[in-house]
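Reader: I have this protein on my screen and would love a close look at one strand in the middle of the chain. Could you walk me through that part and how it connects with what lies around it?

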Amino acid sequence: MADGTAGATRRRLAQELAVVAGFEDPHAPLEQYHTPPDLAAHIVHVADLQGDVEGRTVFDLGCGTGMLALGAALRGPERAIGIDIDPAPLSTARENERRVGAMTDVSWVRGDVSVVPVIPTEDATVLMNPPFGAQSGNEGADRAFLQTAAAIAGVSYSVHNAGSESFVRAFADDNGGRVTHAFAAAFELPRQFEHHDADSRSIDTEVYRIEWT
Ligand SMILES: C[S@@+](CC[C@H](N)C(=O)[O-])C[C@H]1O[C@@H](n2cnc3c(N)ncnc32)[C@H](O)[C@@H]1O
């Protein structure tokens, strides 16, 4: 696909995802901020170009408002499943599914990602923006999510905070994974928690595609 056309289809996806409502009552210890539509569209678009969406089972681990699962659902997966530990955003995700109107239905499941609530399949792709583990008592949260991705999927895309490269590569090496793509992305985080002192702040993130064997 020519670059201009690819850019246009990615922008269209971001526009379709712009209707996804954010967390109604975000819970700071669970790091409930939603993945911006531009970033979600970027991840889903790259995954689609790699053949990681169409006809596959796509999991969104820590799906929150459903942004990544809904992005995938717009690109023809066999099935899409969003899992979150908190039931509140799952009901927002259901409403968001109606707003987005994708052809593929999404199953919204309440579960703890760290205890692997699903059966592994090679045809599965994980998309996830896990908690970074930045909140006290939550350190290593993204490690548990990567562990589950490695256990259930053939390939994963995950968003981490800037400076995670050596951790992600070492984790992949130790767990039968291979990082095939990496890109940086910055996004605006609106002020939604007490500990945020500005109206919004930009956070630098890194996205990794990992193939698991
Ligand atoms: C950064 S948010 C992801 C947001 C989501 N991609 C969106 O755009 O709304 C992290 C999500 O992980 C969920 N979460 C945290 N720990 C979890 C766990 N152990 N199992 C399942 N979900 C968890 C939180 O409730 C939150 O919705």
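Author: Contacts between residues 24 or more positions apart make up 70% of the protein's contacts with a separation of 6 or more. Please keep in mind that this is a predicted model.

Here is a bit of background before the strand itself. The protein has six helices and seven strands, and from the N terminus on they follow the order α-α-β-α-β-α-β-β-α-β-α-β-β. Its C-alpha trace spans about 45 × 40 × 35 Å along the principal axes. A compact globule of 213 residues would have a radius of gyration near 17 Å, and the 16 Å of this protein agrees with that. Of the 213 residues, 42% are buried.

Now to the strand I would pick for you, which is β2, residues 79-84. Five of the six residues of β2 are buried, so the strand is largely enclosed by the rest of the structure.

Let us take its strand partners in turn. Strand β1, residues 57-61, pairs with β2 in the parallel sense, and five bridges link the two. Within that pairing, Val58 stands opposite Ala80 of β2. Strand β3, residues 106-110, also runs parallel to β2 and is joined to it by five bridges. Ala80 appears here too, since its bridge partner in β3 is Val106. Further along, Gly82 stands opposite Trp108 of β3. If you would like one residue to start from on screen, try Ala80: Val58 is opposite it in one pairing, and Val106 is its bridge partner in the other.

The helices come next. β1, α3 and β2 form a right-handed β-α-β unit. β2 then takes part in another right-handed β-α-β unit, together with helix α4 (residues 87-100) and β3. If you follow the chain, then, β2 belongs to the unit with α3 and to the unit with α4.

Helix α4 has a residue that deserves a pause, Glu97. Glu97 has 21 other C-beta atoms within 10 Å, and because 20 or more count as buried, this residue is buried. Apart from neighbours within four places in sequence, Glu97 is in contact with Gly66, Leu70 and Val106. You have already met Val106 as the bridge partner of Ala80, while Leu70 falls within α3, residues 67-73. As for Gly66, it is 31 residues from Glu97 in sequence, yet their C-alpha atoms are 7.8 Å apart in space.

The ligand brings us back to β2. Both β2 and α3 supply at least two residues each to the shell around the ligand. That shell holds 22 residues, and the closest are Thr35, Gly62, Gly64, Thr65 and Met67. Sorted by class, ten of the shell residues are nonpolar, eight are polar and four are charged.

For contrast, have a look at Ala6, in helix α1 (residues 3-17). Ala6 is partly exposed, with 14 other C-beta atoms within 10 Å. Its C-alpha atom is separated by 8.4 Å from that of His45, a residue 39 positions away along the chain.

To bring the picture together, β2 is largely enclosed, pairs in parallel with β1 and with β3, and contributes to the shell around the ligand.

Methods: Residues are numbered from 1 along each chain as its sequence is written. This is a predicted model: local features need pLDDT of at least 70, side-chain atom pairs count only at pLDDT 80 or more; totals for chains, interfaces and linings use all residues. A residue is near a molecule or strand if its C-beta atom, placed from the backbone, lies within 6 Å of it. Helices (H or I, at least four residues) and strands (E, at least two) are DSSP runs, numbered from the N terminus. Ala, Val, Leu, Ile, Met, Phe, Trp, Tyr, Cys and Pro count as nonpolar, Asp, Glu, Lys and Arg as charged, and the others, Gly among them, as polar. Two strands pair if DSSP finds at least two bridges between them. A crossover is right-handed if, with the strands pointing away from the viewer, the path from the first strand over the helix to the second runs clockwise. The radius of gyration is taken over C-alpha atoms; the globule rule is 2.2 Å times the number of residues to the power 0.38. A residue is buried if 20 or more other C-beta atoms lie within 10 Å of its own, exposed if 12 or fewer, and partly exposed in between; C-beta atoms are placed from the backbone. Two residues are in contact if their C-beta atoms, placed from the backbone, lie within 7 Å.
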